Amino acid sequence: MLSEHRLIVLSLALFVQAGCKSTDATVESDGGPSNITTVCDVAIVGGGVGGLHTAMRLGAKSGSKVCLFEKEERLGGRIYDIGKPPNPAAAPFLGNGGRRVMDGQSVVFNLAKELGIQLDEPKTGSDLVFARGKFATNKDDFLPLYPGLTYDHTKPDVESQLLQQLLSSPERAHADKYPDFKSYIHQVIGPVGYQYLHDMNRFRGDFEYPLSARGYLDFLAEEINVCCQTFYPVGGMSAFVRAMAAKVQASGVRVFTSEPVTAINGTSGVYQLTTAKRMVAADKVIIAVPPAAFDHIGGSIAKRIQQRPEYQALIGVRVTVINQWFKDSWWDKVRTADGKNIWRAYTTGHCISYVEIPPEAYAAPMHAIRTVYNDSAACAEFWAKLAKGPIEQLEAELHKGLDHLFTDNHITTPVQIPPAVATTFWEWPDGWYWLKAGSPLTNADIFQWATEPLAGEDIGLVSEAYNPQRSAWTDAAYKSSIHLLNAKYAMKLSGE
Ligand SMILES: Cc1cc2nc3c(=O)[nH]c(=O)nc-3n(C[C@H](O)[C@H](O)[C@H](O)COP(=O)(O)OP(=O)(O)OC[C@H]3O[C@@H](n4cnc5c(N)ncnc54)[C@H](O)[C@@H]3O)c2cc1C
């Protein structure tokens with residue numbers, strides 16, 4: 001058993017964080033609570049940022065004619081900030097999910113401005129990387145350990161050079177003939193190139209999951225230009241959730257939390273949704289739920305969507321996040337020879353995978369880090385098993401990982417890692433989505449399909465999942481929402 005005071009396996013939280021209460025205004029009742037029928041012009045299923053953004057825009061026009069149903073007690077979905085245990089609802093917050101915003105994600109910057117969200121622009125430090133028995137802060141220092149790589153020796157940043165080779169290769173025109181992205185990489189830059197990219201990247205899942213070569217390359221062509229400065233919302237990424245939820249509520253949208261939709265039936269503008277508490281009649285339905293959760297929704301409409309090749313072309317990545325709070329910020333003492341601090345450390349030598357040290361001023365008083373940020377399937381399994389056992393065992397393994405990275409790397413000032421005062425474990429079965437290997441479809445096909453997944457039905461899909469061109473970013477969800485609202489709800493929102 002896990003001891004509760006130190007390890008919180010977070011299972012529920014905190015709609016309170018969003019500063020909202022569930023409202024159930026215009027309800028027509030014909031009996032007990034399970035027979036309530038709620039009538040909505042538009043029913044939105046899912047209150048992650050995609051669903052919330054959609055509710056905020058529609059609410060401004062249609063107010064209480066819009067309903068939003070959320071499975072959990074809290075809103076936010078994969079934006080899930082927590083405070084130090086045992087008070088996860090109390091700020092300051094550290095994310096279990098999305099945390100940052102990049103230069104160039106103008107849709108998110110514009111939204112932050114509209115919602116009055118301040119973005120921290122911290123000075124970041126060095127990366128510390130471990131691969132093939134070596135530590136370095138410059139990835140080019142690993143090159144002697146990867147003999148046979150082809151690159152321009154007169155230029156720095158070989159990782160970017162190799163990624164550019166993948167993008168500019170004439171093979172890209174035939175990417176569809178490759179069974180997966182991995183085999184494409186092998187062909188274009190060879191197995192050593194593959195291994196170098198795999199080991200140098202903080203996100204190993206990109207290189208390990210069976211992904212469509214074309215889908216990933218299309219994503220990469222855009223992602224490589226998502227430059228350069230990292231910003232962090234003051235108050236955590238949940239500042240977006242709180243601000244959108246407040247607008248949604250002020251506009252009169254009816255929000256039902258702790259109310260999972262279990263079935264979607266009907267046809268031609270007359271839809272019935274089932275929740276544990278009510279039947280819902282809606283003219284239009286927007287499903288803002290990604291596949292891992294949507295798979296659990298039944299009914300004829302849901303089934304028809306789930307059978308579509310576009311839906312089946314998506315693959316979710318299992319992601320582990322373990323956060324730890326300490327008595328003080330021991331990492332401040334970790335310095336490189338030229339006095340820089342470390343803000344990200346990643347390793348192929350331990351399932352700790354990727355340690356993220358929050359650089360933003362907002363997070364500093366927390367004395368907390370994301371000790372594990374892992375998207376490799378094998379390590380996700382490793383941590384999931386360990387988290388079921390005694391807390392001491394999990395924390396000992398985390399300590400081993402931190403020790404491996406920081407105590408004897410011959411690069412940074414050696415430190416003694418103190419015991420953590422609190423540890424939380426969280427797993428996303430579907431941290432983010434890609435286009436699956438073998439799919440003849442493109443990212444653009446999925447994005448387009450989501451506006452009308454069943455021809456002639458007033459149903460739309462919104463989520464990061466249905467915009468794999470921007471996989472793993474909130475801007476995917478916002479763009480998906482904007483695309484649907486412009487295409488089907490006669491809006492003229494910018495940022496698609
Ligand atoms: C670990 C991690 C780190 C990330 N880092 C970043 C980052 O730094 N920056 C960034 O921009 N993005 C980041 N992302 C991506 C970002 O968090 C997501 O893209 C975004 O939050 C997805 O929003 P969504 O609305 O598409 O889906 P979700 O957030 O998954 O929302 C779906 C909602 O539907 C609800 N739901 C499910 N089933 C039902 C049902 N039956 N009935 C009603 N409701 C239901 C869920 O509870 C959830 O609230 C990260 C993601 C993860 C996992």
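**Strands, a sheet and a helix crossing**

Colleague: Is D81 buried or exposed?

Modeller: D81 is buried, because 28 other C-beta atoms lie within 10 Å. The cut-offs are 20 or more other C-beta atoms within 10 Å for buried, 12 or fewer for exposed, and partly exposed in between; C-beta atoms are placed from the backbone. This is a predicted model: local features need pLDDT of at least 70, side-chain atom pairs count only at pLDDT 80 or more, and totals for chains, interfaces and linings use all residues. Residues are numbered from 1 along each chain as its sequence is written.

Colleague: Which element holds D81?

Modeller: Strand β5, residues 81-82. Strands (E, at least two residues) and helices (H or I, at least four) are DSSP runs, numbered from the N terminus. From C-alpha to C-alpha, D81 and P92 are 9.0 Å apart, with their positions eleven residues apart in sequence.

Colleague: How many helices and strands in the protein?

Modeller: 14 helices and 21 strands.

Colleague: What about overall size, say the radius of gyration?

Modeller: The protein has 23 Å, which agrees with a compact globule of 496 residues, because that would be near 23 Å. The radius is taken over C-alpha atoms, and the rule is 2.2 Å times the number of residues to the power 0.38. Along the principal axes, the C-alpha atoms fill a box of roughly 70 × 55 × 40 Å. Buried residues are 47% of the 496.

Colleague: New topic. In what order do the strands β7, β8 and β11 lie in their open sheet?

Modeller: β7-β11-β8, with antiparallel pairing. The edge strands are β7 (101-102) and β8 (119-120), each pairing on one side only. Two strands pair if DSSP finds at least two bridges between them.

Colleague: Which residues of β11 stand opposite M102 and L119?

Modeller: M102 faces T230 across the β7 pairing, which has two bridges. L119 stands opposite P233. Two bridges also join β8 to β11, residues 230-233.

Colleague: Now helices. How do α1 and α14 cross?

Modeller: Their axes come within 8 Å and cross at roughly 35°; α1 covers residues 49-62. Axes are lines fitted to C-alpha atoms, for helices over the stretch in contact, with angles from 0 to 180 degrees between N-to-C directions. The crossing is right-handed: the near helix is turned clockwise from the far one by less than a right angle, whereas anticlockwise would be left-handed.

Colleague: Which residues meet there?

Modeller: On α1, V49, G50, H53, T54 and R57; on α14, T474, A477, Y478, S480, S481 and L485. They divide into four nonpolar, six polar and one charged. Ala, Val, Leu, Ile, Met, Phe, Trp, Tyr, Cys and Pro count as nonpolar, Asp, Glu, Lys and Arg as charged, and the others, Gly among them, as polar. Contact means C-beta atoms, placed from the backbone, within 7 Å.

Colleague: And L484, buried or exposed?

Modeller: L484 counts as buried because it has 25 C-beta neighbours inside 10 Å. L484 sits in α14, residues 474-488. Beyond its neighbours within four places in sequence, L484 contacts I286, A450, T451, G460 and V462.

How values were computed. Contact = placed C-beta atoms within 7 Å.
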